[in-house]
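Biologist: Could you give me a close look at just one part here, namely how the strands pair? Keep it chatty, but tell me what your terms mean.

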Amino acid sequence: MTARQSVMLLMVVVLSLPGLIHCFQPLFSFDGNSTTHRDITQRAVLRKTAEVCRDIASSEGRDFSLTIDDSLSADMVQRACSSAGTSTSLLSSVLFQTSIASMYFSNAKVDVVYALSEEHHFDDETFQGGRDVITAGVSAVKASVKLENFVAGRWTLGRVCHTLQDFYSHSNWVELGNNAPYSTLIRPDQPLENLAGPSTPTCRNCTGGNCENNLLPDLLQQGLLTSGYFNIFSSAKPAGKCSHGGSFDQTSKKDPVGGISKDDIGSSHGSLHHKAADLAVNATMELLEDVRVAVGDKNFLRLMGLSQSSVLCFVIDTTGSMSDDIAEAKRVSFEIIDSKRGTQQEPSAYILVPFNDPGFGPLVMTTNADVFKNSINMLSASGGGDVPELCLSGLQLALTAAPPSSEIFVFTDAPAKDAHLKSTITALIESSKSVITFMLTDVLASKRRRRSDGPRAMSQSDAQLYRDLAQASGGQAVEVTKSDLSVATSIIEDSSASAVVTVFQVVRNPGRPDNFTFTVDGSLRNMTAYVTGASSLTFSLTGPTGVSQSSSLSSGPLASLTTAGNLRRLSLNTDNQTGSWQISVNSNSPYSVKVTGQSSVNFIYNLVEAHEGAHGDFSLKEGRPLSGGNASLLVSVTGGDTVKVTDVTLFDSSGPTEVNGSLQSMGSGNFLVTFSGVPAGDFVVRLKGEDSSSTSRSSPSSFQRQASTQIKTSSISVTTQANNTNIEPGSTVSIPFTVAATTNGVVNDSATGTFTVRANNDRSYASTSPSTVTVAAGSGGTANGTVTLTVPSTAASGTDVTLTIEAENTAATDINYAVLRFSVTAKVTDITRPVCQVVSTSTSCPSSSSLCASSQWEFVANLTDGVNGTGIESVTIRQGNGTLNTSTVAGAEGGDVTVVTYSASCCSQTVELSAVDKVGNVGTCVGQARESTTAAPVTTAAVNTTSTGGPPLSISHCFWISAAVSLFWI
């Protein structure tokens, strides 16, 4: 593959070559009938999420009517899981779909980063290595969730699922007649059995291209497990062994020829493709269930990204002059918390990052509103004598901690001392698609500070940094006096509503008079327009019937207007006024216009790029698209089956450029959008379509939506190769990277020059990188370098760290980047699940169900994690309506014994307990009280039991001899 080909953003021809595939197709299937890794992951996530919501509803006595099968959509699950659960509730599945996309994109990335790693695909009979990949990854996921690092947890989970799913396509598990997942793959304490030996023949030649019967009969009769060998460079393989198959697999051309893969319907064993895919779905659900039990239902749903509202995130300057601003931040956050607590609009989490100089942080992230209240209450304004503060350092912490597509509010009255982080912040904004709004107080009218302005004054040039970052993110830079701040913070309350969408947004810099149109559709509610600009700015608003209202009216037929500093907020009256609206702005100074509303109709997008090789398909595109080249987006639309997309464009909001995309439907509201020859510029994604929903005010209703985050193009290519995203505490990881100059989207082979390199991480971990790299003559237009990142030995397992690598041209006019997220994961040596040993049950239950309410039964068991185990961390009731009590006693030989006592009404005669140790190993114990046929009580003075790693326990109980307990592991 040439350098010119390697940086092409789109080569659709790759997708027409099924021989390039060496796994379930990662993202897309173009044969119309094959199942992809994306399909498998999404089905499993939706079904398991729905199951968790069903179980929660049952425990709370609520109805749950959703049928759980493979036809589920994110919209369906989101609505069914809503506590409101009514058809009139305004919900958006954008956050849920964004999280699911993160998982299937990381899944697909395995075929790029680990394309030739046999253990990541269960090739070459590497069953132990494949299981090690899975179990180490699952441990990392659990550690991330334990520290509430859900973004990192999702990314790791997606990769783990890829390897697990490939087992069913690449091995002969399906051919052996198995109809259930191979659970041993996620249980490292169980042996891998019935594996074909290294010298055991497994296949014979396919005949005439037909490989249906190429597995040896003896292999199948003995139930031996094998997988295909695969190599794109060499045909060498052990004698008699099966191959994977396909045109890229050189081993399949050597006897025994052919393969056994079930990657798609055209593969060697393609007739079993759908059965393999179904087993992969069930296996993924089994893995998700293991994670669910380990982390608990609430955290599991947060890991899946199921949320009805966004986070509330504040980054606050705490220096001396900020007391009024801090007080206002407290007021508005408390008002949001108190008004939304217990409702579906309650923030899903709360994030607070204070900053000043010389410090910033610590970051507070919690789901407990009272913890957030207490944290913000403890803020006080002090210090800050030398004016500039570490604003961008605090913002960096917030951007890497908050979920994607969050809205972050920054309060400050000082310039940024760390302005050198601007490009890093911009990269994180573009990567996370989070929106940043700055609440800037007492900005001067002049471009530069003067001595008479006072020590804390912020000039126009100082404020421009914040305006640039706000524009890049789709946020706003609100400039007000401290006395007017309480009026401007209404924008925070607006954003905290559910299902907020951007209908239209534009920035004019430099300013000029202009007319803008936007479409109001029937699904929109509570529409608001924001206009920021100089005090001399005027505007007029015109509705679809021709009625107009000027900016001189604070209240009129179309809107109610409030003004604070440079912000004009219009609450639009859109009742019965769907159609085309216009806002005309008259100003020669820079200004912005933003129109939002609430609607379930929205979209998410991700830049994707085609890649060749054994796993040819699309994968997530890191960094910026290349100027003059082709670009592709995967667009997913929310709002149900009634939504039809007609246009997706790249729109330059500061100029007249608009690039139309070519749409290809991928089913279920997903579209692959192709743009040819994208010019240099700053673009946003704009989507238009029709909604024929019966709840719309008119049918069908034209709609438009706009993404907030800018997509900037670059003529610099930055690629990285991070072979492992899990790092042990105390270790150093090296990340090779390549920088290239491009022309019209391809590497300029004859280019030379020097690029400035910057590497930053949000944890301030020790790191090394070259300050520059040079593209020398004859190098093919590329230059290589290496960044190292060292994790302290004291770093907690589950910590995540985000590394940004940037390359800038000599003129400082162009920049591109790569953003990598790593999980700090301590090596897990405790792989044994907690052990449960039943002590006793007491009191039999009557045989008549009419008498059950008057009787109680009790179940007692000892739980241990062994002498060398990490210890029992939690015990929960998985099934049963009784009461659980636990106590801990020390074992004589080391290790603790957790004594559990469960009591329940005889109307609930089964209990299932789950015990989780400190690294997430899960043991499950089931007890059952059976109906009594004999009423004679028997008393025992002592019941002696021996627990693993602990002493015999002597516990006195009175119980009925006819009461029985069944105990088994799940």
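Modeller: Sure, terms up front: two strands pair if DSSP finds at least two bridges between them. The strands themselves are DSSP runs of E, at least two residues long, numbered from the N terminus. This is a predicted model, where local features need pLDDT of at least 70 and side-chain atom pairs count only at pLDDT 80 or more, while totals for chains, interfaces and linings use all residues. Residues are numbered from 1 along each chain as its sequence is written, and side-chain values rest on heavy atoms, with hydrogens and water left out.

Let's start with an open sheet of four strands, which runs β36-β37-β40-β39 with antiparallel pairing. Its edges are β36 (835-842) and β39 (883-890); each has a single partner strand, so one side of each is left without a neighbour in the sheet. Neighbouring strands here are turned by 20° against each other on average, direction ignored. (Such angles come from lines fitted to C-alpha atoms and run from 0 to 180 degrees between N-to-C directions.) Zoom in on the β39 edge: β39 and β40 (residues 896-905) are joined in the antiparallel sense by eight bridges, and you'll find serine 887 opposite valine 899 of β40.

Now hop over to an open sheet of five strands, ordered β7-β15-β9-β13-β12 and again antiparallel in its pairing. Here β7 and β12 (559-564) sit at the edges, each pairing on one side only. On average, neighbours in this sheet are turned by 15° against each other, direction ignored.

Take the β12 edge first. β12 meets β13 (residues 567-572) through six bridges, in the antiparallel sense, and threonine 563 has arginine 568 of β13 as its bridge partner.

At the other edge, β7 and β15 (residues 591-598) form an antiparallel pair with eight bridges. Within that pair, valine 506 is matched with valine 593 in β15. And here's the bit I'd linger on: β7 is an edge strand of the sheet, yet eight of the nine residues in β7 (residues 500-508) are buried, so the strand is largely enclosed by the rest of the structure. Buried means under 20% relative accessible area, with a 1.4 Å probe and protein chains only.

How values were computed
Buried < 20%, exposed > 50% of the residue type's maximum accessible area, 1.4 Å probe, protein only.
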